[in-house]
Amino acid sequence: RMGRLATIKTLAGFDFSFQPSLDRDRILALAQLGFVERCEVVHFLGPPGTGKSHLATVLGVEAVKAGRSVYFTTLADLIAALARAEREGRLQEKTRFFCRPSLLIVDEIGYLPVVTGGGNLFFQLVNARYERGAMILTSNRGFAEWGNVFGDPVVATALLDRLLHHAVVMQIEGSSYRLRQHAELTPEH
Ligand code: ADP
C-alpha cells in the first residue's frame with residue numbers, strides 16, 4: 001500500500017543540513033515508531049517542497065518494515081473515496097476500512113479546497129480512529145487556516161480538537177528542495 005515512493009524515499013536520502021529548522025533527533029525518535037504504538041498523530045507543517053511527504057513516507061516505510069499496516073493517501077483522494085462510499089450507502093464500511101491500518105498517512109492537506117461536506121466525512125473518520133490508530137498528516141497551512149481549508153470553522157475546530165490531543169507537531173521553516181534542485185540546473189547569471 002505504500003506504493004512506488006517507498007523504494008526511493010529513505011531516511012538516509014534525506015539531507016538534514018538543507019533543513020536546519022528540522023530536529024534530526026526528533027525524526028529519528030519518530031522512526032522508532034512509539035507514536036504508532038501510542039496511537040498518536042504526527043503533523044508535518046511547512047511550505048511546499050520542504051520534505052513533508054518524504055518524511056511521512058519514510059516513517060510509513062519504517063512502520064511497514066516493523067510489520068505494521070500502513071495506508072498512504074492524500075486528503076483529496078480520501079475525501080473522494082468517503083464521498084463516493086456515502087453516495088453508494090457504504091460509508092460505514094469505508095470508514096471501517098480506513099480504520100484498519102495501524103498508521104494512516106494523509107498527505108497534502110491545504111492544497112485543494114475541500115468539497116462541501118468533505119470536512120464532515122473526514123471528521124467522522126478521524127473520530128473513529130481517535131485513540132485507536134496513529135496518523136501522519138502533512139499540510140502547507142497552519143492550524144489557524146483550517147477553517148478556510150475545510151470551508152467550515154466548526155468542523156475544523158472539532159477536527160483539531162482530536163488531531164492535537166495526542167500529537168507531535170513538526171514545523172519545517174525552510175525553502176523548497178525542488179527549487180534548490182532547479183537552481184542547480186539553471187546557469188548562474
Ligand atoms: P512536500 O511534501 O513538503 O511538498 P516533498 O517531501 O514532496 O515536499 O519533497 C519534494 C522533493 O524533494 C521530493 O522528491 C523529496 O524527496 C525531495 N526532498 C525534500 N526535502 C529533501 C531533503 N531535505 N533532502 C533530500 N530530498 C529532499
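This report covers strands, cores, a pocket and a cavity in a predicted model.

## Strand E2 and its partner

Strand E2 spans residues 70–74. Buried here means under 20% relative accessible area. By that cut-off 5 of the 5 residues of E2 are buried, so the strand is largely enclosed by the rest of the structure. Its side chains split into two sets. Val70, Phe72 and Thr74 point one way, while Tyr71 and Thr73 point the other way. Both sets are buried.

E2 pairs with strand E3, residues 103–109. The pairing is parallel and runs over 5 bridges. One of the residues involved is Tyr71, whose bridge partner in E3 is Leu104.

## Nonpolar cores

In soluble globular proteins, nonpolar side chains tend to be buried together. In this model the largest nonpolar core holds 29 residues. Val106, Phe122, Met135, Leu137, Phe150 and Leu163 have the most contacts inside this core. Several elements give two or more residues to the core: helices H5 (75–87), H6 (91–99), H7 (118–129), H8 (146–149) and H9 (153–163), together with strands E3 and E4 (134–139). H5 gives the largest share, 6 residues.

Apart from this core lies another, of 24 residues. Phe35, Leu55, Ala56 and Ala134 are among its members.

## Three residues up close

Which residues does Leu137 touch, leaving aside those up to four places away in sequence? The set is Val41, Val42, His43, Phe44, Val106, Ile109, Phe122, Trp146 and Leu163.

His43 sits in strand E1, residues 41–45. Is His43 buried or exposed? Its relative accessibility is 1%, so His43 counts as buried. Beyond four places in sequence, His43 touches Leu137, Phe143, Leu163, Leu164, Ala167, Val168, Val169 and Met170. Leu137 and Leu163 are also among the residues with the most contacts inside the largest core.

Val149 belongs to helix H8. At 4% relative accessibility, Val149 counts as buried. With residues up to four places away left out, Val149 touches Ile109, Gly110, Pro113, Val114 and Arg141. Gly89 lies 60 residues from Val149 along the chain, and their C-alpha atoms are separated by 26 Å.

## The largest pocket

The largest pocket has a volume of about 540 Å³. It is lined by 20 residues. Closest to the pocket centre are Lys9, Gly49, Gly51, His54 and Arg178.

Which elements each supply at least two residues of the pocket lining? They are helix H4 (52–65), strand E3 and helix H10 (177–185). By class, the pocket lining has 9 polar, 6 charged and 5 nonpolar residues. E3 thus appears in several places: E3 pairs with E2, gives residues to the largest core and helps line the largest pocket.

## The cavity

How many cavities of 30 Å³ or more does the structure hold? The count is 1. The largest cavity encloses about 60 Å³ of space. Its lining consists of Cys39, Val41, Val126, Arg129, Tyr130, Glu131, Gly133, Met135, Arg162, Leu163 and His166.

Helices H7 and H9 each supply at least two of these lining residues. By class, the cavity lining has 6 nonpolar, 2 polar and 3 charged residues. Met135 and Leu163 line the cavity, and both are among the residues with the most contacts inside the largest core.

Notes. Residues are numbered from 1 along each chain as its sequence is written. This is a predicted model: local features need pLDDT of at least 70, side-chain atom pairs count only at pLDDT 80 or more; totals for chains, interfaces and linings use all residues. Side-chain values use heavy atoms; hydrogens and water are left out. Buried means under 20% relative accessible area, exposed over 50%, partly exposed in between (1.4 Å probe, protein chains only). Helices (H or I, at least four residues) and strands (E, at least two) are DSSP runs, numbered from the N terminus. Two strands pair if DSSP finds at least two bridges between them. A nonpolar core is a set of buried Ala, Val, Leu, Ile, Met, Phe, Trp, Tyr and Cys residues joined through side-chain atoms within 4.5 Å. Contact means heavy atoms within 4.5 Å. On a 1 Å grid over the protein atoms alone, a cavity is a set of points where a 1.4 Å probe fits but cannot get out, and a pocket is an open set with protein on both sides within 12 Å along at least five of seven lines; lining residues have an atom within 4 Å of a point. Grid points are joined across faces, edges and corners, and a volume is the space filled by probe spheres set on the points. Ala, Val, Leu, Ile, Met, Phe, Trp, Tyr, Cys and Pro count as nonpolar, Asp, Glu, Lys and Arg as charged, and the others, Gly among them, as polar.
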